[in-house]
Amino acid sequence: MSFKIYTKTGDQGKTALIGGTKVPKSNLRIDAYGTVDELNSYIGLVSDHLSAYTDTIALLREIQDRLFTIGASLACDPDKDTKMRIPDLHAADITLLETSIDKMNEVLPEMKSFIIPGGHVAVSTCHVARCVCRRAERLCVGLQEEQQFIEPLVLQYMNRLSDYLFVLARWIGHQLQVAEIPWKARITDKP
């Protein structure tokens with residue numbers, strides 16, 4: 001089946017939410033699901049660096065699927081009843097992240113300072129994904145603060161996902177035997 005990728009409907013800076021409502025492409029809801037899409041791409045990049053870790057790649061693919069679910073939820077006009085069935089999150093999706101965090105933490109050394117991202121491209125990429133996740137979470141909170149509907153599990157999932165990505169970055173470094181870079185605050189004596 002062939003279809004054109006360009007529709008020209010957005011040439012004037014507008015797009016449609018699921019439900020048909022036209023909004024500017026700068027709309028907070030569009031920004032939120034666009035950032036979730038960006039996060040999804042970074043998670044794909046993280047998994048591309050982890051070819052030897054098939055279990056982790058499988059979980060990252062599942063996370064990517066959940067991010068498409070979140071994107072679909074955010075793309076819906078909350079004031080319209082759509083005929084389209086939209087996938088949804090479940091509490092078990094959050095539990096899966098928490099279980100994985102706990103499992104990775106079992107093998108990680110205790111953190112004694114803040115950690116500077118870096119040391120290996122996979123570690124750094126995972127930290128970039130974490131930062132994008134936090135930005136997506138802030139945008140979702142912004143929607144909530146503007147009294148726009150957002151599924152409560154979306155906020156919980158995004159918050160837990162950023163925690164997962166932080167621990168995953170540490171775990172990747174541990175697996176690759178890359179030393180963590182501790183932050184040593186520069187504090188000077190005032191004259």
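The lining of the largest cavity is mostly greasy by count: seven nonpolar residues, three polar and two charged. This is a predicted model, and the cavity in question holds about 80 Å³ of space. Going round its wall, you meet Ile115, Ile116, Gly118, Val123, His127, Ala169, Arg170, Gly173, Val178, Ala179, Glu180 and Ile181. Strand S3 (115-116), helix H4 (121-145) and helix H5 (152-175) are the elements that each give two or more residues to that lining. H5 gives the most, with three residues.

That cavity has company, as the structure holds two cavities of 30 Å³ or more. The second largest one has about 40 Å³ of space, and its wall is built from Leu59, Glu62, Ile63, Arg66, Asp93, Leu96, Leu97 and Tyr157. Here helix H2 (54-75) and helix H3 (91-105) each supply at least two residues, with H2 giving the most at four residues. By class, this lining splits into five nonpolar residues, no polar ones and three charged ones.

Here are the two cavities next to each other.

| Cavity | Volume | Lining by class | Element giving the most |
|---|---|---|---|
| Largest cavity | about 80 Å³ | seven nonpolar, three polar, two charged | H5, three residues |
| Second largest cavity | about 40 Å³ | five nonpolar, no polar, three charged | H2, four residues |

Now for the overall layout. The protein has five helices and four strands, and reading along the sequence gives the pattern β-β-α-α-α-β-α-α-β. Of its 191 residues, 39% are buried. The accessible surface comes to about 11,800 Å², and 53% of that belongs to carbon and sulfur atoms. What about contacts across the sequence? Taking contacts between residues at least 6 apart in sequence, 76% join residues at least 24 apart.

Leu74 puts some names to those contacts. Leu74 sits in helix H2 and is buried, with a relative accessible area of 1%. Leaving out residues up to four places away in sequence, Leu74 touches Arg29, Ala32, Tyr33, Val36, Cys140, Leu143 and Ile150. Leu74 and Asp31 are also worth a look in the viewer: they are 43 residues apart in sequence, and their C-alpha atoms are 9.7 Å apart in space.

Thr125 makes a good second stop. This residue belongs to helix H4, and at 9% relative accessibility Thr125 counts as buried, because the cut-off for buried is under 20%. With residues up to four places away in sequence left out again, the partners of Thr125 are Tyr42, Leu45, Val46 and His49.

On to the cysteines. How many disulfides does the model have? The count comes to zero. Take Cys140, one of the contacts of Leu74. Why is Cys140 without a bond to the closest cysteine sulfur? That closest sulfur is in Cys133, 9.1 Å away, and a disulfide needs the two sulfurs within 2.5 Å, so the gap is too far for a bond. Cys140 is buried as well, with a relative accessible area of 0%. Cys126 also counts as buried, at 0% relative accessibility.

Finally, a couple of backbone oddities in loops. Which loop holds Gln147? The one between H4 and H5. Phi of Gln147 is near 65°, a positive value in a residue other than glycine. Is Gln147 buried or exposed? At 71% relative accessibility, Gln147 counts as exposed, since the exposed class starts at values over 50%.

Gln177 tells a similar story further along. Its phi is positive too, at about 60°, although Gln177 is not a glycine. Gln177 lies in the loop between H5 and strand S4 (181-182). With a relative accessible area of 74%, Gln177 is exposed. As for what follows in the sequence, Val178, Ala179, Glu180 and Ile181 are among the residues lining the largest cavity, which brings us back to where we began.

Notes: Residues are numbered from 1 along each chain as its sequence is written. This is a predicted model: local features need pLDDT of at least 70, side-chain atom pairs count only at pLDDT 80 or more; totals for chains, interfaces and linings use all residues. Side-chain values use heavy atoms; hydrogens and water are left out. Buried means under 20% relative accessible area, exposed over 50%, partly exposed in between (1.4 Å probe, protein chains only). On a 1 Å grid over the protein atoms alone, a cavity is a set of points where a 1.4 Å probe fits but cannot get out, and a pocket is an open set with protein on both sides within 12 Å along at least five of seven lines; lining residues have an atom within 4 Å of a point. Grid points are joined across faces, edges and corners, and a volume is the space filled by probe spheres set on the points. Ala, Val, Leu, Ile, Met, Phe, Trp, Tyr, Cys and Pro count as nonpolar, Asp, Glu, Lys and Arg as charged, and the others, Gly among them, as polar. Contact means heavy atoms within 4.5 Å. Accessible areas come from the Shrake-Rupley method with a 1.4 Å probe; for residues, only the protein chains shown count as cover.
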